Amino acid sequence: MNLLGEDIITEEGEFVINIGPQHPSTHGVLHLKVWLDGEIIKRVQPHLGYIHRSIEKMSENLSYRNFIYATSRMDYLSAHINNQACALCVEKGLGVEATPRAQVIRILMAELTRLSSHQLWWGCTGLDLGAVTPFFYAFREREQIMEIMEETCGARLTQNYSVPGGIMYDIHPNFQKRTKDVMKQIKSKFQEYDDVLTGNVIFENRTKGVGYLSAADAISFGCTGPTARGSAVSCDIRKWHPYDGYEKLQFDEITETGGDCYARYMVRMHEMKQSVSIIEQLIDNIPEGDFQAKTKVVLKLPKGEFFQRVETARGELGVYIVSDGAASPYRIKYRSPNFSNLSALDHMARGCKIGDLVAIMSTIDLVIPDVDR
Amino acid sequence: MTNEELKIAVSALFPSVTYDETGEYLTVLISPAELSPLMNGLRSNGDLSFDYLFCLTAVDWKTHLTLVYHLQSKVHRHVLVVKAKITDIANPVIETVSDIWQTANFHEREVYDLFGITFTRHPDMRRILLDESWEGYPLRKNYVDENMIEI
């Protein structure tokens with residue numbers, strides 16, 4: 001018997017343990033119930049909702065300008081990209097387009113967000129698997145991106161920078177110089193990242209062949225982002241359904257064929273380089289002009305339905321707005337990448353050892369507020 | 001496939017369905033009874049092969065509930081929306097599609113949790129975000145929360 005009064009050994013002789021909701025490796029308040037046969041995982045059942053804040057319900061009472069800010073609190077590591085998705089969806093409904101200057105700044109910010117998110121993930125993955133140094137290395141560079149964010153948006157994490165029609169205010173005069181300096185520094189550190197973790201024997205042994213996900217299963221489970229691209233599934237929304245001018249940029253969609261933790265790891269490592277390349281293409285080419293298109297004070301979307309898909313650092317975020325013509329949405333649905341990625345956890349973990357669960361969780365890169373919303 | 005071609009292909013399989021072309025994506029309108037054969041057809045037909053269910057949700061229209069399925073084909077890249085209208089608000093029931101797309105398992109549990117729509121043949125029909133003891137379905141328009149303050 002455990003504290004909840006449940007049997008910890010089932011009739012089949014399986015041992016049941018609860019990981020979380022307060023456990024460092026779950027990266028948030030996620031509760032996993034795990035059935036074990038010795039050390040082998042038989043089944044994983046995620047229990048969600050510990051931080052469900054009903055953002056969708058709240059948004060039904062907020063205006064089309066205000067509901068955007070709640071989304072910074074979903075996937076807080078891709079806060080800017082969430083805001084961008086909502087702004088784009090409202091723009092789609094209004095029939096306006098962000099100004100060229102705003103579009104470029106949005107992409108710059110989105111890629112900086114992706115970089116900082118992947119760096120935090122890289123540090124935490126190292127930490128989860130027993131390497132402490134990566135965490136400090138990653139935060140050394142990430143901190144500088146956070147400072148750029150702070151200078152331009154006024155916030156480090158929840159930027160709230162995108163508004164319908166463009167961005168809230170223009171970039172800081174230091175933005176371009178500072179970004180270029182940081183990019184130069186980050187580029188020089190990629191080799192260091194590989195030296196300290198990627199080629200490490202212990203790390204490779206703990207990730208190679210662990211948590212296998214086939215391409216067909218990745219699609220069936222609705223996995224997106226690096227989780228699916230590690231299984232050779234092409235799913236980058238920036239390529240499939242470009243928005244804000246991604247179609248004009250030169251970058252590769254990274255896929256790996258391994259389908260294991262190591263493949264997912266490598267996808268993110270290469271994606272960081274692609275993000276740097278995108279930033280370098282744009283940083284000297286920010287068009288002059290207005291940073292916000294003219295919109296009415298009170299926004300009203302015409303009757304109908306609008307769907308916007310974007311690529312966050314974790315996969316495909318879908319914003320589905322149903323409007324009845326009023327000043328606030330009739331119904332909003334966020335198709336969050338983490339929710340679908342988490343549903344594949346049980347499938348990936350079966351047959352692995354209990355210690356591998358940490359590696360699998362790490363390389364799915366879950367952000368729990370985005371799962372619970 | 002373009003929307004026109006999609007329409008012809010779907011009509012060839014299911015002549016009885018109707019369409020709504022006002023939105024961004026082509027929308028197929030069906031009744032709950034038609035759901036299972038239609039979805040199986042959309043998934044297995046080689047020209048359509050909708051293998052990726054990227055969004056599954058419901059909308060409460062007060063007089064009826066609508067289930068909205070957003071489908072995409074990874075092979076052909078086309079997108080289709082399927083909407084099933086449930087008129088029985090007191091006891092809404094529809095068949096599961098979790099045997100066709102595994103992602104539907106979690107998404108249907110979410111819809112059950114927040115809208116109270118039951119999915120038959122679902123392997124694990126429990127609440128997912130809220131506690132089992134929660135009363136009512138929050139995303140229904142008639143849901144009353146005494147703690148909510150209207151500004």
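Start where the chains meet: select 22 residues of chain B and 24 residues of chain A, and you have the contact between them. Keep in mind as you go that this is a predicted model. On the chain B side, colour strand S3 (52–60) and helix H3 (104–115), each of which supplies at least two residues to the face touching chain A. S3(B) gives the most there, with six residues. Now colour that side of chain B by class: you should get twelve nonpolar, seven polar and three charged residues.

Stay on chain B and bring up its sheet. Five strands line up in the order S1-S2-S5-S4-S3, forming an open sheet with mixed pairing. Look at the edges: strand S1 (18–20) and S3 of chain B each have a single partner strand, so one side of each is left without a neighbour in the sheet. Going from one strand to the next, the twist averages 25°.

For a parallel pair, pick strand S2 (residues 26–30) and strand S5 (residues 79–86) of chain B, joined by five bridges. Click on Thr27(B) and you'll find Val81(B) opposite, in S5(B). Then turn H3(B) back on: this helix packs on the sheet, touching S3 and strand S4 (65–72) of chain B, and its direction makes about 10° with that of S3(B).

Over to chain A. Select S6, S7 and S8, an open sheet of three strands in that order with antiparallel pairing. Here strand S6 (304–312) and strand S8 (331–335) of chain A are the edges; each has a single partner strand, so one side of each lacks a neighbour in the sheet. Neighbouring strands of this sheet are turned by 10° against each other on average, direction ignored.

Zoom in on strand S7 (residues 315–323) of chain A, which pairs with S8(A) in the antiparallel sense over five bridges. Gly318(A) has Arg335(A) in S8(A) as its bridge partner. Add helix H3 (residues 79–94) of chain A, which packs on the sheet and touches S6 and S7 of chain A; its direction makes about 150° with that of S6(A).

Last stop: helices H6 (residues 175–198) and H11 (residues 261–283) of chain A. Their axes come within 10 Å and cross at roughly 165°, which means that H6(A) is roughly antiparallel to H11(A). The crossing is left-handed. Show side chains for the residues that meet, including Met183(A), Ile186(A) and Phe190(A) from H6(A), and Met269(A), Val276(A) and Ile279(A) from H11(A). By class, this helix contact has seven nonpolar, three polar and four charged residues.

Note on methods: Residues numbered from 1 in each chain as written. Chains lettered and ligands numbered in written order. Predicted model: local features only at pLDDT ≥ 70, side-chain atom pairs only at ≥ 80, totals over all residues. Contact = placed C-beta atoms within 7 Å. Helix = DSSP H or I, 4+ residues; strand = E, 2+ residues; numbered from the N terminus. Nonpolar A, V, L, I, M, F, W, Y, C, P; charged D, E, K, R; others polar. Axes fitted to C-alpha atoms, helices over the stretch in contact; angles between N-to-C directions. Parallel < 35°, antiparallel > 145°, perpendicular 65-115°, else oblique. Left-handed = near helix turned anticlockwise from the far one by under 90°. Pairing = 2+ DSSP bridges.
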